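I opened this model to look up its helices, its ring pairs and its buried residues, and I keep the entries here in the order in which I made them.

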Amino acid sequence: MTEVKQLTESLIAYMQKLETVFNKGEKPIHNDHEFFEKVRTEINPIYDTVEAWEEKTSYLIQQRKVNLHPKQVDATVKSIKAIALHSYYLDVRKRRYQDIKKSVEYVLQLLLKELSS
């Protein structure tokens, strides 16, 4: 359970970093291979972390050690991946970005609370 807690805290930190990137608002140049490589190298660790988090959290749900629904985990994983891309490509409005981010943070904080009790 401590591994899930560490992964959850890492995802929260990644979310803050991604919001900073989004707020900078640097628009990519279309078909810029260098930009694509930069994004890929920065997003890959996030994807690796979220996949490990999904696996470990799903196991805890199956074992009934945390009170989350599997669909919450699935939706959170999809939202984190979407946020990661939206942060760099700026293809979504700020309000929508914030809504997705808040829903992710809600589930992550809920899980941390579950793990602490």
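Entry one, the end of a helix. I began just after α2, where R64 takes a positive phi of about 60 degrees; helices here are DSSP runs (H or I, at least four residues), numbered from the N terminus. I note that this is a predicted model, in which local features need pLDDT of at least 70 and side-chain atom pairs count only at pLDDT 80 or more, while totals for chains, interfaces and linings use all residues. I also note that residues are numbered from 1 along each chain as its sequence is written, and that side-chain values use heavy atoms, with hydrogens and water left out.

Entry two, the course of α2. I compared the span of α2 with the expected one (1.5 Å times one less than the number of residues): its 30 residues should span 44 Å, and the end C-alpha atoms are 42 Å apart, which agrees. I then found a bend of about 30 degrees at I43, with a proline, P45, following within four residues; the bend is the angle between axes fitted to the seven residues ending at a position and the seven starting there.

Entry three, the buried side of α2. I listed its buried residues (under 20% relative accessible area, with exposed over 50% and partly exposed in between, for a 1.4 Å probe and protein chains only), and they are F35, V39, I43, I46, T49, V50, W53, T57, L60 and I61. What covers them includes α1, α3 and α4. I looked at T49 in α2 and found a relative accessible area of 12%, so T49 is buried. Leaving aside neighbours within four places in sequence, T49 is in contact (heavy atoms within 4.5 Å) with L7, S10, L11 and Y14.

Entry four, the aromatic pairs. Which rings pair, and how are they set? I count rings of Phe, Tyr and Trp (its six-membered ring) as paired if their centres lie within 6.5 Å, with planes under 30 degrees apart stacked, over 60 edge-to-face and the rest tilted. The structure holds two such pairs. F22 and Y97 are stacked, at 3.9 Å centre to centre and 5 degrees between the planes; this pair links F22 in helix α1 (residues 2–24) to Y97 in helix α4 (residues 94–116), 75 residues apart, and both residues are buried. The rings of F35 and Y89 have their centres 5.5 Å apart and their planes at 85 degrees, so that pair is edge-to-face. It links F35 in helix α2 (residues 33–62) to Y89 in helix α3 (residues 70–89), 54 residues apart. F35 counts as buried because its relative accessibility is 14%, whereas Y89, at 30%, counts as partly exposed.

Entry five, Y88 and the core. I placed Y88 in helix α3, buried with a relative accessible area of 3%. Its C-alpha atom is separated by 7.6 Å from that of E26, 62 residues apart along the chain. Not counting residues up to four places away in sequence, Y88 touches L18, V21, E26, P28, F35, V39, E42 and I43. In the largest nonpolar core (buried Ala, Val, Leu, Ile, Met, Phe, Trp, Tyr and Cys residues joined through side-chain atoms within 4.5 Å), which has 32 residues, L18, W53, I80, Y88 and L111 touch the most other members. The elements that give two or more residues to this core are α1, α2, α3 and α4.
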